[in-house]
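Morning, everyone. I'll take you through one structure today: charges, core, cavities. Please bring it up on your screens.

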Amino acid sequence: MSETTGNPSISTTMDYHKLSIQNRKCKIVKRTQFTKMKHEKAKEKKSRRKKAAEMREVLGDAAPPKPVPHTTESLRPPDLTSVEADDEEVAADAQNDEFAKYFNCERTPKILITTNKKSSLETRKLLDEIVNVMPNSEYVKRGKVDMKDLVKEAIEREYSHVVVINEDMKKPNSIIVSYLPEGPTATFRLTSVKLKKQLKRHGNATRHRPEVILNNFKTRLGHTVGRMLGSLFHMDPEFRGRNVVTFHNQRDFIFFRRHRYIFKKNARVGLQELGPRLTLKLRRLQKGTFDTTGGEYEWYYNHKQMDVNRRTFFL
């Protein structure tokens with residue numbers, strides 16, 4: 001009931017309609033009434049937003065702030081490993097970690113990219129596009145070489161990274177990134193793969209070195225993963241190419257996108273997607289190079305312990 005008029009409030013009316021709909025036996029009538037209820041609810045929400053906007057316009061600076069929407073990320077519980085942008089301790093650790101030489105411009109990336117021993121056509125198509133994304137990368141056919149021997153050979157040839165694309169059921173399903181010569185090694189689950197030809201209005205990429213954007217990596221673990229992904233690209237991008245690569249972390253899913261800036265009239269800027277489009281999810285982070293038997297893991301995914309609370313994130 002409304003306190004001022006004594007009439008039923010909108011929420012009470014909606015609850016009553018919902019109960020009456022649930023008691024209906026005819027599915028067609030139930031679907032029709034449910035659609036009508038949703039339309040009324042959306043109309044009421046739009047009217048409420050319009051009134052709030054008018055009030056903000058009248059009050060100006062004295063208007064109350066906009067309410068923060070409740071999302072899974074906004075309700076995220078506090079994490080002891082969270083990293084602030086101006087954290088001095090994290091900045092000091094970054095000067096002495098495995099990627100310090102790269103970020104101090106003392107080392108340029110030289111990447112060896114390969115696949116599992118018997119790769120399918122779908123995996124090789126993705127491989128071609130990833131080689132095109134990373135300017136200083138080289139594809140080496142795996143053959144029957146074991147992973148440990150491949151890493152040793154890559155270290156001898158002074159490669160900075162080894163990237164391996166694995167597959168299951170003839171479709172790429174995971175990526176291993178190993179930073180040489182001392183690690184770490186990260187294993188990502190690979191989903192939502194879309195190649196360039198599968199994207200609408202895609203552009204044709206050039207070989208210019210892209211800018212890199214690392215977004216929303218908020219914890220110590222996320223900081224390490226972000227620096228590893230950033231080290232795959234040069235520190236001195238070629239701005240003439242207008243290419244940009246983005247690793248955006250959202251709810252522990254890392255979305256990979258590549259775009260080109262397009263300058264339009266009236267100082268407007270647009271984006272054209274170049275492809276490929278990938279989604280990564282961290283499964284394991286191992287100290288050192290690839291070692292499945294005696295390797296020490298900094299972090300690994302355990303769904304029985306980590307999927308208890310959906311609002312807990314690790315990156």
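Is Glu273 buried or exposed, judging by relative accessibility? Hold that for a second. First, a caution: this is a predicted model.

Now Glu273. Its relative accessibility is 16%. The cut-off for buried is under 20%, so Glu273 counts as buried. And this is a charged residue with a partner. Glu273 forms a salt bridge with Arg277. The closest N and O atoms are 2.7 Å apart. What about the partner? Arg277 has a relative accessible area of 23%. That makes Arg277 partly exposed. So the bridge joins a buried Glu273 to a partly exposed Arg277.

As a general point, side chains of opposite charge can pair when their charged atoms come close.

How many salt bridges does a search of the whole structure find? Ten. Let me pick out some others.

Take Glu44 and Arg48. They form a salt bridge, with the closest N and O atoms 2.5 Å apart. Both sit in helix H2, which covers residues 27-59. They are four residues apart, about one turn of the helix. Glu44 is partly exposed at 23% relative accessible area. Arg48 is partly exposed too, at 45%.

Next, Glu296 and Lys287. Here the salt bridge has its closest N and O atoms 3.5 Å apart. Glu296 is partly exposed, with 49% relative accessibility. Lys287 is also partly exposed, with a relative accessible area of 43%.

There is a network as well. Which residues does it link? Glu89, Asp93 and Arg220, through salt bridges.

On to the nonpolar side. In soluble globular proteins, nonpolar side chains tend to be buried together. Here, the largest nonpolar core has 37 residues. Phe188, Val225 and Ile254 touch the most other members. Helix H5, residues 121-133, gives the largest share of this core: five residues.

Look at Val225 for a moment. Leave out residues up to four places away in sequence. Val225 then touches Phe188, Phe217, Ile254, Leu282 and Leu315. Keep Leu315 in mind; we'll meet it again.

Apart from that core lies another one, of eleven residues. Its members include Leu112, Met147, Ala154 and Val164.

Last topic: empty space. A whole-structure search gives two cavities of 30 Å³ or more. The largest holds about 180 Å³ of space. It is lined by 14 residues. Closest to its centre are Ile130, Met134, Ile175, Leu232 and Leu278. Which elements give two or more residues to this lining? H5, strand E4 (171-179) and strand E10 (277-286). So H5 turns up again, having given the largest share of the big core.

What is the character of that lining? The residues divide into 14 nonpolar, no polar and no charged.

The second largest cavity reads differently. Its volume is about 30 Å³. Its lining divides into two nonpolar, two polar and four charged residues. Lining it are Glu73, Arg76, Asn216, Asn249, Arg251, Asp252, Phe313 and Leu315. There is Leu315, the contact of Val225.

To wrap up, go back to where we started. Glu273 is buried at 16%, and its salt bridge goes to Arg277. For the cavities, set the linings side by side: the largest has no charged residues, and the second largest has four. That's my tour. Comments, please.

Note on methods:
Residues numbered from 1 in each chain as written. Predicted model: local features only at pLDDT ≥ 70, side-chain atom pairs only at ≥ 80, totals over all residues. Heavy atoms only, no water. Core = buried A, V, L, I, M, F, W, Y, C linked by side-chain atoms within 4.5 Å. Buried < 20%, exposed > 50% of the residue type's maximum accessible area, 1.4 Å probe, protein only. Contact = heavy atoms within 4.5 Å. Salt bridge = Lys/Arg side-chain N within 4 Å of Asp/Glu carboxyl O. 1 Å grid on protein atoms, 1.4 Å probe; cavity = no way out; pocket = protein on both sides within 12 Å on 5 of 7 lines; lining within 4 Å. Points joined across faces, edges and corners; volume = space filled by probe spheres on them. Nonpolar A, V, L, I, M, F, W, Y, C, P; charged D, E, K, R; others polar.
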